Amino acid sequence: MYLAGRGPLPESARSHKGGGDAGDDPSGAAEAEVGAGADARAGVETDAGAGPDVGTEADVGTEADVGTEADVGTEADVGAAAEAPAPSANVLFLGLTSLVTDLSAEMVASVLPLYLTVRLGFSALQFGAADGLLQVFAAVAALAGALLADRWRRYREAAGAGYALSAASRLGLLGAHGWLPVLAWLGTDRLGKGIRTGPRDALLSLSAPRGRLTEAFGLHRALDTGGALLGPLLAVALLGVAPGSYSTVFTAAFLIAVIGLAVLALFVENRRPADAAPTPAITQAGRAPGRLWTPLAELWANRALRRLLAVAALLSLPAVTDSLLFLALRQQARVDSRFFPSLFVVESLAFLAFAVPMGRLADRVGAGRVLLGGQVALGCCFAVLLAPAPRGWSVLALPVLLGIYFAASDGVIAALTSQTVPASARTTGLALVGVVLAAGRGTATLGFGAVWTRSGPDVALADALVLTLVSGTFAAVLLRPFRSGHPAPRPADAVPAPRPPASAIPASAVVAAEFSASEVSAASPGVPGRGRGLVRGLRWPSGPRVGAFALVVAVCLTGVVAVSARDGRRGAAATRASATHRTAGSASPGATARAVPMTASLPSLLARPHLLVLDAAEGARFGRVEAADVRDPAGPRAPTALTCDRLDQRAGRGLCLRDDRASARAGIAVFDDRLRVLFRLPIAGLASRTRVAPNGRIGAVTTFVVGDAYNTDSFSTRTLLLDLTAGRILADLEDFAVTRAGRRLHAIDENLWGVTFAADSDTFYATLHTGDHFYLIRGHVHDRRAEVLRDGVECPSLSPDEHRVAYKSRLSHGFAPATWRLHVLDLATGADRPLAETRNVDDQAAWTDGDHVSYAVANAGPGAPLADTWIVPADGTGHPRLLVPAAQSAVPVAPAAPG
């Protein structure tokens with residue numbers, strides 16, 4: 001998920017060794033030797049990658065495992081710096097810094113796709129453009145960090161500045177509500193990541209004890225991966241407490257990032273190259289240090305690397321970001337927003353499970369074949385989303401396939417890069433391949449988003465599948481030298497050293513070192529003490545620093561709990577206020593607890609104009625359909641045998657929508673003018689809205705497939721059109737072709753509800769929600785088409801003369817739940833006026849005549865009915881008055897004339 005800051009290649013030990021610059025930090029070569037492992041698709045901010053030299057220790061069992069003396073400096077030099085236990089403390093605390101920071105980063109990463117598309121209204125094109133640009137920016141920043149790392153001397157301070165920038169970006173997202181501000185803050189996060197990676201990894205390499213550099217990076221990677229897995233899980237937990245509250249996640253992520261900064265500032269000691277080894281006067285082949293970009297020119301002269309760069313470009317062209325694919329999955333399989341972050345957890349677990357086996361498979365059958373197998377997995381991802389009806393199985397299959405794809409591609413290509421370039425320029429070579437991969441994937445994401453916006457997700461997925469096949473075919477030709485079961489030969493290092501040939505180093509060791517110290521130590525039986533005591537015997541910090549850190553942790557964690565509790569209470573109040581047909585919401589002056597008498601005669605009421613209402617008194621009769629006299633709606637009522645959550649009736653046909661919250665399924669009952677049930681249909685979701693066309697032949701029902709309130713972001717609706725004469729489903733409103741300004745609209749997060757019919761029973765109006773837009777659309781049942789009329793209209797209700805629409809106008813309150821006020825819109829002139837009702841109204845208003853609208857308002861307080869039905873003039877004058885107490889879904893019914 002690249003918007004979150006995962007790069008296309010590992011941000012391995014980025015203390016760059018390129019050309020003449022290599023001489024500034026002898027330990028950096030050792031770091032480069034560890035820096036070529038599999039991509040951090042588990043979401044790690046940085047990786048302890050492993051180049052082929054990592055495997056040398058496993059194969060040889062000597063102290064030359066981390067690099068040759070030419071790379072690392074003399075054995076005595078390194079050993080002198082590693083005798084004290086303090087450097088091992090640096091390794092541990094750098095790992096803890098990465099764990100906490102990556103936990104914070106992945107919290108944001110896992111919800112960012114929903115935040116950008118649902119809250120800020122990014123289209124697929126805008127999301128693809130943002131994601132693609134940030135991928136390239138992240139890769140370039142990492143390359144710049146690799147080139148500059150060895151020229152910096154204040155490693156801890158430079159890394160701290162990068163961590164601080166990333167932490168500030170979490171907080172900045174809270175106030176970013178537009179395209180440019182959001183990109184600016186996400187770019188700030190990428191800049192901070194690029195700044196900190198090189199200095200942090202250089203400091204890690206300088207702090208590792210003698211002979212344990214690989215183990216140090218393995219420990220760092222294990223802690224880093226732990227943070228990557230915990231971040232999305234914590235985001236899921238926070239969204240469970242406060243559904244749809246992205247501010248909760250962003251604020252908590254910022255506070256947790258502050259804890260990571262505190263670990264770095266209070267416990268990590270700065271290490272300079274002079275502390276670890278003397279600085280040589282000359283570097284590769286005896287040349288003096290050159291310009292900053294000298295390593296790039298030398299790498300470009302490597303023919304094998306140029307071939308590998310071409311392969312990387314081809315393989316990355318169809319590689320759409322996982323975020324966009326997960327958004328497509330959410331739309332098709334209707335994944336609950338609260339559990340959306342868990343998709344990234346499944347992907348990361350799949351990557352961790354397959355990374356090492358894929359490396360070993362590359363040793364046996366050839367890296368080229370494994371890379372092509374990764375393209376097959378990518379093609380299967382598109383095929384899963386193109387399946388006729390992706391549901392539960394695809395929710396699991398897609399992230400698993402993506403994990404397999406990244407395990408079979410990025411890790412293997414990183415190992416090939418390490419085998420292709422000399423050790424003195426390996427980190428820059430990895431960064432260069434990373435830039436090419438990022439450029440290709442950015443282009444793929446941008447193109448996918450553009451096609452989605454123009455032609456829909458199915459066309460974009462089909463195009464991506466075709467491109468995967470074509471690019472894989474061309475890449476197969478270029479991969480011929482890499483198809484054998486042995487690594488490709490790499491150029492000899494500038495200074496010869498007593499090490500085994502590169503071909504003796506298996507790619508599996510490269511990938512294995514990416515994940516844990518235990519993997520490396522298991523491959524190194526001949527080296528005593530590996531994996532047993534890297535942090536044993538540490539001088540643990542004490543005194544004022546520990547007290548200061550405890551204070552920071554206490555304040556930050558208290559802030560996380562307080563923000564979560566506050567936003568959870570707000571969300572619960574929002575749901576109560578929204579779901580008037582279930583619970584109490586905003587206070588309604590004048591509400592009383594008096595019982596409504598049920599003494600009226602049902603046959604007598606049904607024979608003349610009457611009202612059908614749903615009983616809203618708390619108790620066993622809640623939701624019962626009752627009849628009231630239109631001349632005395634507050635008077636005695638007659639009970640019926642029907643119980644509903646939503647109700648409507650026209651021309652002798654009625655719809656009763658009833659849900660079962662235990663099974664999250666709704667039931668539809670079609671009844672006649674005598675309230676006898678004719679048909680029953682089960683549908684998914686919880687009851688929300690229902691309307692019957694004037695001719696009584698067509699009806700519309702809306703259910704919540706996800707969530708149960710319109711004033712949070714964590715909901716998804718389904719609106720169906722029904723044939724009331726045959727008791728069958730006619731169409732799903734999401735299958736209609738919707739145009740805006742003459743162009744087809746393909747929304748990335750489309751939801752429709754609030755259907756209201758015209759007199760011809762073919763024309764209808766409804767609300768289409770995408771991003772932060774609530775469009776009023778006008779459609780035609782027969783043509784299966786609709787067009788956008790204007791923005792800002794929810795739950796429209798067409799007047800009897802069909803010239804006006806009563807609707808809810810949303811009042812936003814930042815990250816707090818929205819409220820609504822009733823308005824009436826003139827469709828011909830566009831005149832829009834608020835009505836005299838100023839309380840929060842979450843209901844689809846109904847016209848009682850040409851001059852008045854009725855609606856339900858929730859009540860609060862013990863003993864009061866859960867809702868009352870009110871009426872207000874439609875011209876904005878007058879005052880609201882109580883129409884039917886302890887009732888909602890009031891429907892005026894005129895019986896058919898005799899004969």
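This briefing walks through a predicted protein model, from overall figures to single residues. The protein has 899 residues, and 61% of them are buried. Its secondary structure comprises 23 helices and 26 strands. Confidence varies along the chain: the mean pLDDT is 75, and 69% of the residues reach 70 or more.

**Confidence**

- Residues 1–87 have a pLDDT below 50. Beyond near neighbours in sequence, this stretch still shows 356 contacts in the model.
- Residues 486–532 also have a pLDDT below 50. For this stretch, the contacts beyond near neighbours in sequence number 117.

**Overall surface and contacts**

- The accessible surface of the protein is about 30,900 Å². Carbon and sulfur atoms account for 61% of that surface.
- Take the contacts between residues at least 6 apart in sequence. Of these, 69% join residues at least 24 apart.

**Nonpolar cores**

- The largest nonpolar core holds 91 residues. Phe-250, Leu-325 and Phe-448 touch the most other members.
- Helix α17, residues 392–420, gives the most to this core, with twelve residues.
- A second core is separate and has 20 residues. Among them are Phe-757, Ile-777, Ala-786 and Val-788.
- Leu-325 has contacts beyond its neighbours within four places in sequence. Its partners there are Val-320, Phe-382, Leu-385, Leu-398, Leu-402, Phe-448 and Leu-461.

**Helix residues and their partners**

- Ala-312 sits in helix α13, residues 303–316. Its relative accessibility is 0%, so Ala-312 counts as buried.
- Leaving aside neighbours within four places in sequence, Ala-312 is in contact with Ile-413, Val-433, Val-436 and Leu-437. Ala-312 and Ile-413 are 101 residues apart in sequence, yet their C-alpha atoms are 7.8 Å apart.
- Leu-557 belongs to helix α22, residues 544–578. Its relative accessibility is 43%, so Leu-557 counts as partly exposed.
- Leu-557 and Ala-252 lie 305 residues apart along the chain. Their C-alpha atoms are separated by 8.4 Å.

**A nonpolar surface patch**

- Val-466, Val-470 and Phe-474 form a nonpolar patch on the surface. Together they have about 280 Å² of accessible area.
- Val-466 is in helix α19, residues 457–478. Its relative accessibility is 48%, which falls short of the over 50% needed for exposed. Val-466 therefore counts as partly exposed.

**Salt bridges**

- Side chains of opposite charge can pair when their charged atoms come close. The whole structure contains 21 salt bridges.
- Asp-615, Arg-621, Arg-624, Glu-626 and Arg-637 are linked in a network of salt bridges. In one bridge, Glu-626 meets Arg-624 at 2.9 Å, N to O. Glu-626 counts as buried because its relative accessibility is 0%.
- Arg-646 forms a salt bridge with Asp-843, with the closest N and O atoms 3.4 Å apart. Arg-646 is in strand β4 (residues 646–650), and Asp-843 is in the loop between β21 (832–834) and β22 (846–847). The pair therefore ties together parts that are 197 residues apart in sequence. Both Arg-646 and Asp-843 are buried.
- Asp-842 and Arg-689 meet in a salt bridge at 3.2 Å, N to O. Asp-842 lies in the loop between β21 and β22, and Arg-689 in strand β8 (residues 686–692), so the pair ties together parts that are 153 residues apart in sequence. Both Asp-842 and Arg-689 are buried.

**Unusual backbone angles**

- Most residues other than glycine have a negative phi. Two exceptions follow.
- Cys-795 is not a glycine, but its phi is positive, at about 50°. This residue is in strand β18, residues 794–798. Its relative accessibility is 1%, so Cys-795 counts as buried.
- Ala-886 is not a glycine either, and has a positive phi of about 50°. Its place is the loop between β25 (881–884) and β26 (887–893). With 5% relative accessibility, Ala-886 counts as buried.

Key
Residues are numbered from 1 along each chain as its sequence is written. This is a predicted model: local features need pLDDT of at least 70, side-chain atom pairs count only at pLDDT 80 or more; totals for chains, interfaces and linings use all residues. Side-chain values use heavy atoms; hydrogens and water are left out. Patches are made of residues with over 30% relative accessible area and no salt bridge: like charges are joined within 9 Å, nonpolar side chains (Val, Leu, Ile, Met, Phe, Trp, Tyr) within 5 Å. Accessible areas come from the Shrake-Rupley method with a 1.4 Å probe; for residues, only the protein chains shown count as cover. A salt bridge is a side-chain nitrogen of Lys or Arg within 4 Å of a carboxyl oxygen of Asp or Glu. Helices (H or I, at least four residues) and strands (E, at least two) are DSSP runs, numbered from the N terminus. Buried means under 20% relative accessible area, exposed over 50%, partly exposed in between (1.4 Å probe, protein chains only). A nonpolar core is a set of buried Ala, Val, Leu, Ile, Met, Phe, Trp, Tyr and Cys residues joined through side-chain atoms within 4.5 Å. Contact means heavy atoms within 4.5 Å. pLDDT is the predictor's confidence in each residue, from 0 to 100.
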